[in-house]
Amino acid sequence: MTKAFTDTETQLLMGKLEMRMSSAAVALYDDMNRVLVVKAHYKKYWSLPGGVVDPGETPRVAAAREVYEETGILPNVEMLKFCMVVDRVSAVAQTYQLVFDQQVDSDTFSRVRLDPREIEDYALVTREDIVGGDRYYSESTIAWAKGFTGYMEQWFGPDRPDKV
């Protein structure tokens with residue numbers, strides 16, 4: 001016979017588990033092989049538009065919302081295709097970044113309207129530009145440009161363990 005947890009037991013168990021912040025990003029690309037990348041004021045690198053998943057949001061909904069807030073372009077949530085999850089580890093935090101992509105019409109990029117409080121610039125670049133390092137890009141942006149899908153780990157700082 002299987003024993004199911006009571007609501008109280010479930011709450012006690014959940015209270016003991018680690019809670020991690022998540023973020024979501026979107027690679028919007030067109031039929032001319034251009035992808036939209038942004039440069040936030042507070043980052044040293046260029047990245048795909050995206051940001052933190054708010055309480056009650058799914059990663060897809062957060063991804064679309066963040067792209068809209070940063071660029072003025074609203075992706076179709078139902079058309080966002082999951083590409084990868086990045087387990088990002090540092091001395092400060094461990095977070096998950098979910099990356100989606102969506103093909104858009106080329107004229108979509110003519111509607112970019114940056115949020116100047118957060119984003120200082122944008123560019124339309126190719127996968128080859130990203131892989132070739134025409135700018136300093138986030139690791140997840142480079143992984144997307146190389147066609148990576150699935151799970152990856154990104155370590156910040158010298159504390160990366162050699163083995164698990």
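Let's start at Arg135, which sits in the loop between α3 (127-132) and α4. Keep in mind that this is a predicted model. The chain around that loop has 164 residues, and 41% of them count as buried. Below is a quick tour, from the overall layout to the pockets, the salt bridges and a few single residues.

**Overall layout**

- You'll find four helices and eight strands in the chain.
- Read from the N terminus, the elements come in the order α-β-β-β-β-α-β-β-β-α-α-β.
- The C-alpha trace spans about 60 × 35 × 35 Å along its principal axes.

**More on Arg135**

- Arg135 has a relative accessible area of 29%, so it counts as partly exposed.
- Val125 is ten residues away from Arg135 in sequence, and their C-alpha atoms are 9.8 Å apart in space.

**The largest pocket**

- The largest pocket holds about 450 Å³ of space.
- It is lined by 24 residues, and those closest to its centre are Met21, Ser23, Tyr45, Arg88 and Thr95.
- Several elements give two or more residues to this lining: the strands β1 (22-29), β4 (50-52), β5 (81-89) and β6 (94-103), along with helix α4 (139-145).
- Sorted by class, the lining of the largest pocket comes out as twelve nonpolar, ten polar and two charged residues.

**The second largest pocket**

- The second largest pocket has a volume of about 210 Å³.
- Its lining takes in Tyr42, Lys43, Lys44 and Tyr45, then Arg88, then the run Tyr136, Tyr137, Ser138 and Glu139, and finally Gln154, Trp155 and Phe156.
- Six of the residues lining the second largest pocket are nonpolar, two are polar and four are charged.
- Two names turn up again here: Tyr45 and Arg88 line the second largest pocket, and both are also among the residues closest to the centre of the largest pocket.

**Salt bridges around Arg65**

- Side chains of opposite charge can pair when their charged atoms come close.
- Across the whole structure, a search turns up ten salt bridges.
- Arg65 is a good one to click on, with partners that include Asp54, Glu57 and Glu66.
- The salt bridge between Arg65 and Asp54 has an N to O distance of 3.3 Å.
- That pair links distant parts of the chain: Arg65 belongs to helix α2 (residues 59-71), while Asp54 is in the loop between β4 and α2, eleven residues apart.
- Asp54 counts as partly exposed because its relative accessibility is 35%, which falls between the 20% limit for buried and the 50% limit for exposed.
- In the salt bridge of Arg65 with Glu57, the closest N and O atoms are 2.6 Å apart.
- Arg65 and Glu57 are both buried.
- With Glu66, the closest N and O atoms of the Arg65 salt bridge are 3.2 Å apart.
- Glu66 is buried because its relative accessible area is 8%, and the cut-off for buried is under 20%.
- Put together, Asp54, Glu57, Arg65, Glu66 and Glu69 form a linked network of salt bridges.

**A nonpolar patch on the surface**

- Phe5, Leu13, Met14 and Leu17 make a nonpolar surface patch of about 390 Å².
- One of these, Leu13, belongs to helix α1 (residues 7-16).
- Leu13 has a relative accessibility of 37%, so it counts as partly exposed.

**Two more residues to look up**

- Asn33 lies in the loop between β1 and β2 (34-40).
- The phi angle of Asn33 is near 70°, which is a positive value in a residue other than glycine.
- As for cover, Asn33 is partly exposed, since its relative accessibility is 31%.
- Ala62 is part of helix α2.
- With a relative accessible area of 0%, Ala62 is buried.
- Ala62 and Arg113 are 51 residues apart along the chain, and 18 Å separates their C-alpha atoms.

Conventions
Residues are numbered from 1 along each chain as its sequence is written. This is a predicted model: local features need pLDDT of at least 70, side-chain atom pairs count only at pLDDT 80 or more; totals for chains, interfaces and linings use all residues. Side-chain values use heavy atoms; hydrogens and water are left out. Patches are made of residues with over 30% relative accessible area and no salt bridge: like charges are joined within 9 Å, nonpolar side chains (Val, Leu, Ile, Met, Phe, Trp, Tyr) within 5 Å. Accessible areas come from the Shrake-Rupley method with a 1.4 Å probe; for residues, only the protein chains shown count as cover. A salt bridge is a side-chain nitrogen of Lys or Arg within 4 Å of a carboxyl oxygen of Asp or Glu. Buried means under 20% relative accessible area, exposed over 50%, partly exposed in between (1.4 Å probe, protein chains only). On a 1 Å grid over the protein atoms alone, a cavity is a set of points where a 1.4 Å probe fits but cannot get out, and a pocket is an open set with protein on both sides within 12 Å along at least five of seven lines; lining residues have an atom within 4 Å of a point. Grid points are joined across faces, edges and corners, and a volume is the space filled by probe spheres set on the points. Ala, Val, Leu, Ile, Met, Phe, Trp, Tyr, Cys and Pro count as nonpolar, Asp, Glu, Lys and Arg as charged, and the others, Gly among them, as polar.
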